[in-house]
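This briefing walks through one protein model step by step, for a reader who is new to structures. Please keep the sequence and the picture at hand while reading.

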Amino acid sequence: MPATATVIGALLGLGTQMYSNALRRLPYMRHPWEHVLGMGLGALFANQLANWDAQLKEDLDKMIEKAKAANERRYFVKDNMVEVMENLSDGRQGHSQRDFAEDT
């Protein structure tokens, strides 16, 4: 993947410089060092973009795992499920003020 990003970035930099010269009606290879500089900057940009994308995927996977763990703690904790099931079997949706008054 780094080789592909490098080649694509270099071609992007070269193409940008040649397009710039074509718009100004100059010879395509007027200053060859500008082409080399454009290719280097394009390769650097494409590699950084590929690295950023990989880091973004890792961060997203971590966030999804944290969200799954939070949902499992919230909805699938055994003690919480037992309490919910007991309330449902009693026909109650939850505790109300009347329930507390009856307990005292």
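Asp61 is found in helix 2, which covers residues 32–75, and the model that shows this residue is a predicted one. With a relative accessibility of 48%, Asp61 counts as partly exposed, because that class lies between the limit for buried, under 20%, and the limit for exposed, over 50%. Asp61 also belongs to a patch of negative charge on the surface, where it gathers with Glu58, Asp59, Glu65 and Glu72.

**The chain as a whole**

- The protein chain holds 4 helices and 0 strands, and when it is read along the sequence, the pattern that appears is α-α-α-α.
- Of the 104 residues in the protein chain, 14% count as buried.
- The protein chain exposes about 8,800 Å², and 63% of this area is supplied by carbon and sulfur atoms.
- If one takes the contacts in the protein chain between residues at least 6 apart in sequence, then 54% of them join residues at least 24 apart.

**The nonpolar patch on the surface**

- Besides the patch of negative charge, the surface carries a nonpolar patch formed by Leu12, Phe45, Leu49, Trp52 and Leu56, which together have about 540 Å² of accessible area.
- Which helix gives the most to the nonpolar patch? Helix 2 does, with 4 residues, and Phe45, one of the residues that form the patch, has its place in that helix.

**A salt bridge in helix 2**

- Side chains of opposite charge can pair when their charged atoms come close.
- In this model the count comes to 1 salt bridge, in which the side chains of Asp53 and Lys57 meet, with 3.7 Å from N to O.
- Asp53 and Lys57 both lie in helix 2, where they are 4 residues apart, and this spacing is about one turn of the helix.
- Asp53 counts as partly exposed, because its relative accessibility is 31%, a value that falls between the limits of 20% and 50%.

**Contacts around Met18, Asn21 and His35**

- Met18 lies in helix 1, which covers residues 2–23, and Asn21 has its place in helix 1 as well, whereas His35 is in helix 2.
- Is Asn21 buried or exposed? With a relative accessibility of 1%, Asn21 counts as buried, because the limit for that class is under 20%.
- His35, at 3% relative accessibility, likewise counts as buried, while Met18 is partly exposed, with a relative accessible area of 26%.
- Which residues does Met18 touch, if residues up to four places away in sequence are not counted? Met18 touches Tyr28 and His35, and the C-alpha atoms of Met18 and Tyr28, although these residues are 10 residues apart along the chain, are separated by 5.4 Å.
- When residues up to four places away in sequence are again not counted, Asn21 touches Leu26, Pro27, Tyr28, Arg30 and His35.
- Leaving aside its neighbours within four places in sequence, His35 is in contact with Leu14, Gln17, Met18, Asn21, Tyr28, Met29 and Arg30.
- Read together, these lists show that His35 of helix 2 is in contact with Met18 and Asn21, among other residues, and that Tyr28 is touched by Met18, by Asn21 and by His35.

Conventions
Residues numbered from 1 in each chain as written. Predicted model: local features only at pLDDT ≥ 70, side-chain atom pairs only at ≥ 80, totals over all residues. Heavy atoms only, no water. Patch = residues over 30% accessible without salt bridge, like charges linked within 9 Å, V, L, I, M, F, W, Y side chains within 5 Å. Areas by Shrake-Rupley, 256 points an atom, 1.4 Å probe, with all protein chains shown as cover. Salt bridge = Lys/Arg side-chain N within 4 Å of Asp/Glu carboxyl O. Lys, Arg positive; Asp, Glu negative; His and termini not counted. Charge placed at Lys NZ, Arg CZ, Asp CG, Glu CD. Helix = DSSP H or I, 4+ residues; strand = E, 2+ residues; numbered from the N terminus. Buried < 20%, exposed > 50% of the residue type's maximum accessible area, 1.4 Å probe, protein only. Contact = heavy atoms within 4.5 Å.
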